[in-house]
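Colleague: I am new to this structure and would like to go through it with you step by step. Could we begin with the sheet and then turn to one of the pockets?

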Amino acid sequence: MDEEILELLRAKLDLSDRANIDGGQTITDLKLPLITDQIIEDEDKIFFVEIVSKVTIDTIAGLVLLKDILQQKQREKKFVSKPFFVIAGKVIPPREEEFAKDVDITLIRLPHSIKLSTSEYSPQKRIKITSKKSWKIVTRLLKEKATSIRQLALLEDVSYGWAHATIQSLISQGIVTKKGNYVSIFDVNKLLNGVAWERPFENLRAGEITIDYNSAILAAKEISHALKNQNIKFAFTSYTSGGLYTGYAVRHDAIYLYLEKKGIDFIKEAFGTGVTKGIAVRVYAPDRDVFSDKREIESIIVTSPAQTLLDLAGLGYSGLDIAKVMVDGYARI
């Protein structure tokens, strides 16, 4: 950090000599979907600092989002430091100054003589589009085609700050476009590529079992029936659910499902025959709740359309065609 800015922050925030600039190890551990320009830890306090040329509503909204997330983390007892939110900028318009007071964000005016590196201090923060709440916003936008940010927040029961920050990040990446108060998906390829880069689906693979079946659909039906009877949590996903949702022809030599750990041994015991040819059952360990909004199609339990699209996009190029088919028909699913 620029020494002049650091000294100004020390004075304005009353930092001690032991203050740790950009320490933030606990913040990294929390895997937050966005982070600020600087993190300053000082005893039991932690300051999240944005450094900008001009303070904008977007900059403030980003910190409001971070504030909402950390409050939730504190309720879950995953974060104990007392957080403070700060924006240091050369230009502070009156409207933004009033807004910052209302949401309890500290503004610090920087001298005009300070030179800011635009590459170091960017007002737009990239949010993980594959995080649970952000993906809810994305898929709702796919469903609605064009709508307002406020409506997205209301429909998905997500805070306005989160919805706003998500959309602004997508706009900055060229994925979403805005006309007046309405936003819409502009570049589907960029969206799907971004998912594949952030959350490679195959990284979740927990195992594979070959079973003696000739039909993937029949295998999925019989496994669904058996797992339901055993009260084991599961849901088919990826090509299996994508094919059922869209009718798109997919590979018939494998089925794909999320499965709680105890279910793997059950499938091995009930269906495993030691064969080397047949249908491959590819088992994945969920990184979020994929079971509560599952559906049933043709007697097969499948993940929701949103989760299915996320997993298909996470396959990268190999899942691109069917992912696009799902996007095209998403509003009807």
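Modeller: Before we start, two strands are said to pair if DSSP finds at least two bridges between them. Please also keep in mind that this is a predicted model.

Colleague: What is the order of the strands in the open sheet of five strands?

Modeller: The pairing in this open sheet is mixed. Following the five strands across the sheet gives the order S1-S2-S3-S4-S5.

Colleague: Which strands stand at the edges, and why is one side of each left without a neighbour in the sheet?

Modeller: Each of the two has a single partner strand, so one of its sides has no neighbour in the sheet. The strands at the edges are S1 (20-21) and S5 (106-109).

Colleague: Which residue in S5 is the bridge partner of Gly 89?

Modeller: Strand S4, which covers residues 82-91, runs parallel to S5 and is joined to it by four bridges. For Gly 89, the bridge partner in S5 is Arg 109.

Colleague: At about what angle does helix H1 run to S5?

Modeller: Helix H1, made of residues 3-13, lies across S1, S2 (38-42), S3 (45-54), S4 and S5. Relative to S5, the helix runs at about 135°.

Colleague: Turning to the second largest pocket, which helix supplies the largest share of its lining?

Modeller: This pocket, with a volume of about 450 Å³, is lined by 20 residues, and among those nearest its centre are Lys 136 and Asp 293. Helices H5 (132-144) and H12 (305-313) each supply at least two residues of the lining. The largest share, six residues, comes from H5.

Definitions and conventions
Residues numbered from 1 in each chain as written. Predicted model: local features only at pLDDT ≥ 70, side-chain atom pairs only at ≥ 80, totals over all residues. Heavy atoms only, no water. 1 Å grid on protein atoms, 1.4 Å probe; cavity = no way out; pocket = protein on both sides within 12 Å on 5 of 7 lines; lining within 4 Å. Points joined across faces, edges and corners; volume = space filled by probe spheres on them. Contact = heavy atoms within 4.5 Å. Axes fitted to C-alpha atoms, helices over the stretch in contact; angles between N-to-C directions.
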